[in-house]
Amino acid sequence: MGKVAVEGGTAEQRKIFETALYHSMIDPRLFGDVDGRHRVGDTAPVRDGVTHRTLFSGWDVFRAQFPLLTIIDPDVVQETITSLVSLTDRGLTKGLARWELLGKDTDTMIGDAASNVIAEAYLKGLRGFDAEKAYRFCREVAMGPAERSNRTDFANWTSLGYCVTYSLSSTLENAYTDYALARFAEALGKKEDATRLYATSQNYRNLFNTDAGWFRGRNADGTWMGDGDGCIESNPEQQGWFVPHDVGGLAKLAGGRAAFVDRLNGIFEKTPPDVMMKWNEFYNHSNEPVQQMPFMFTYAGAPWLTQRWSRYVCENAYHTGAGGLAGNDDAGQMSAWYVLAAAGFYPVSPASGVYILGSPVFDRARFTTGRGRTFTVRAIGNSPVNVYITSATLNGKPLHRAWITHDEVVRGGELVHMSARPNQAWGARALPPSLTPT
């Protein structure tokens with residue numbers, strides 16, 4: 001619990017933060033006996049010198065919980081990766097487990113979250129696992145052969161360039177994973193794989209319906225699904241924003257920066273505080289595909305709206321008591337979102353190594369990183385009204401962008417900012433990286 005400490009805010013906000021930090025560190029939990037033996041699947045207990053972990057709620061936790069752990073507890077990340085790779089290596093899972101529990105893959109939800117976590121970890125400098133073996137299993141999931149892949153709707157993905165099963169959700173999730181793996185392949189010197197994966201990371205474009213002006217699911221014959229079909233635990237208006245690796249490309253499809261910002265802003269304006277804690281058709285914080293949305297304004301040159309709406313979600317989607325979360329904690333993802341967002345930064349695209357700056361809830365948030373260094377976010381003049389950034393410094397030098405890198409965080413230092421009124425010019429020109437420039 002001492003890995004992140006906050007000062008300021010109200011007593012209730014500090015209670016919410018500390019509860020969220022605790023929740024975000026429960027899973028993946030240690031899986032084994034006191035003597036080091038563990039059981040994998042239905043096998044007899046063995047002692048192999050590996051620290052095994054279990055309860056990998058992949059579809060949820062790759063978005064914020066594992067990015068948080070890469071900062072404050074990288075050993076847990078590496079132990080989880082080793083555990084997932086071990087299951088595949090022993091033939092106990094077809095492909096990397098999607099949602100692992102007690103040594104088995106429950107095959108819950110969609111996407112290739114293990115690949116996302118593995119790629120992110122390697123790209124952020126973690127080396128406590130067999131990277132070549134992990135990459136081989138990731139590659140098989142994404143590129144086949146089919147008998148080695150457990151990717152949702154692998155056949156249609158490879159032949160049509162989009163999925164039919166949970167069409168929109170699966171296609172957009174796969175596109176992000178292929179981007180993450182492309183960067184992983186590039187880092188390992190596998191240039192041909194990287195080129196191919198970067199190309200398929202653009203498959204999200206195959207489901208943009210120009211007549212509708214937004215995304216739709218698609219049938220195998222090329223016809224479009226209805227505006228309420230093709231998604232899992234979301235609708236097209238929510239799921240369509242999950243293009244974290246190429247927000248610039250998404251903005252162009254949406255009609256350009258101004259149209260992108262107007263559409264995104266309109267969703268938050270349709271989500272009043274009393275709706276924030278309920279399942280709804282607009283910004284539904286209780287479900288993961290939308291959780292990067294408050295931070296996407298920055299990619300279109302409107303970071304002040306990221307500051308406004310990220311603080312809005314912190315204030316209205318988290319409370320104390322039995323009803324304090326907008327839905328299920330999802331094995332720590334909901335809580336990890338709050339830890340990062342309330343501290344003032346969040347990873348829209350974890351594999352990019354970039355965190356978008358939001359609006360810190362607290363006067364000071366201090367992270368003890370896995371390298372043993374301290375990274376502090378200090379908000380001068382912070383208050384319920386002062387939610388914007390007029391200017392910022394990083395380690396005493398002016399910062400003119402509304403994002404920071406993972407290396408800047410784990411090297412340690414201090415980020416300072418805050419203001420009462422939005423400065424629409426600050427950070428508007430130095431946009432975060434995107435596959436397609438905006």
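# Close-up views of a predicted model

**View 1. Strand S1 meets strand S11.** Strand S1 and strand S11 (residues 364–368) run antiparallel and are joined by four bridges. Within this pairing, Glu7 has Arg364 of S11 as its bridge partner. Please keep in mind as you look around that this is a predicted model. Glu7 and Arg364 turn up together a second time, as members of a network of salt bridges that also links Arg366, Arg378 and Glu414. Side chains of opposite charge can pair when their charged atoms come close.

**View 2. Six strands make up an open sheet.** Step back a little from S1 and S11 to find the sheet they belong to, whose order is S1-S11-S12-S16-S13-S14. The pairing in this six-stranded sheet is mixed. S1 and S14 are the edge strands, each of them pairing on one side only. From one strand to the next, the twist averages 20 degrees. If sheets are new to you, it may help to know that strands pair through backbone hydrogen bonds, either parallel or antiparallel.

**View 3. Strand S13 has S16 and S14 as partners.** Here we look at S13, which covers residues 388–394. Its pairing with strand S16 (residues 413–419) is antiparallel and runs over four bridges. Leu394 is matched with Leu415 of S16 in one bridge. With strand S14 (residues 397–399), S13 also runs antiparallel, and three bridges join the two. Ala392 has Leu399 as its bridge partner in S14. Follow the chain from S13 into S14 and you pass through a hairpin with two residues between the strands. Asn395 in this hairpin takes a positive phi near 55 degrees.

**View 4. A second open sheet is built from three strands.** The order in this sheet is S4-S5-S6, and the pairing is antiparallel. Strand S4 (56–57) and strand S6 (104–105) are at the edges with a single partner strand each, so one side of each has no neighbour in the sheet. Strand S5 (residues 99–101) is joined to S6 by two bridges. Look for Glu100, whose bridge partner in S6 is Asp105.

**View 5. Helix H9 has a buried side and an exposed face.** Helix H9 spans residues 191–200, and Asp193, Ala194 and Leu197 are buried in it. These three cover an arc of only 100 degrees around the axis, so they sit on the same side of H9. Now look at the face turned away from that buried side: here you meet the exposed residues Lys191, Glu192 and Thr195.

**View 6. A salt bridge joins Lys190 and Glu132.** The side chains of these two residues meet with 3.1 Å from N to O. Lys190 is in the loop between helix H8 (167–187) and H9, while Glu132 belongs to helix H6, so the pair ties together parts that are 58 residues apart in sequence. Lys190 is partly exposed, at a relative accessible area of 24%. Glu132 also counts as partly exposed, with 44% relative accessibility.

**View 7. Two salt bridges have buried partners.** The whole structure holds 22 salt bridges, and this view picks out a pair of them. In one, Asp112 and Arg151 have their closest N and O atoms 2.7 Å apart. Asp112 is found in the loop between S6 and helix H5 (113–123), and Arg151 in the loop between helix H6 (131–143) and helix H7 (154–160), so this contact ties together parts that are 39 residues apart in sequence. Both Asp112 and Arg151 are buried. The other salt bridge is formed by Glu120 and Lys124, with 2.6 Å between the closest N and O atoms. Glu120 and Lys124 are buried as well.

**View 8. Ala251 and Thr436 come together from separate parts of the sequence.** Ala251 is part of helix H11 (residues 247–253). Its relative accessible area is 2%, and because under 20% counts as buried, Ala251 is a buried residue. How far apart are Ala251 and Thr436 in sequence and in space? They are 185 residues apart in sequence, and 9.3 Å apart in space from C-alpha to C-alpha.

**View 9. Three residues form a nonpolar patch on the surface.** Our last stop brings together Met1, Tyr22 and Ile26, which have about 300 Å² of accessible area together. Met1 is placed in the segment before strand S1 (4–7).

Conventions: Residues are numbered from 1 along each chain as its sequence is written. This is a predicted model: local features need pLDDT of at least 70, side-chain atom pairs count only at pLDDT 80 or more; totals for chains, interfaces and linings use all residues. Side-chain values use heavy atoms; hydrogens and water are left out. Patches are made of residues with over 30% relative accessible area and no salt bridge: like charges are joined within 9 Å, nonpolar side chains (Val, Leu, Ile, Met, Phe, Trp, Tyr) within 5 Å. Accessible areas come from the Shrake-Rupley method with a 1.4 Å probe; for residues, only the protein chains shown count as cover. A salt bridge is a side-chain nitrogen of Lys or Arg within 4 Å of a carboxyl oxygen of Asp or Glu. Two strands pair if DSSP finds at least two bridges between them. Axes are lines fitted to C-alpha atoms, for helices over the stretch in contact, and angles run from 0 to 180 degrees between N-to-C directions. Buried means under 20% relative accessible area, exposed over 50%, partly exposed in between (1.4 Å probe, protein chains only). The arc is that of the directions from the helix axis to the C-beta atoms.
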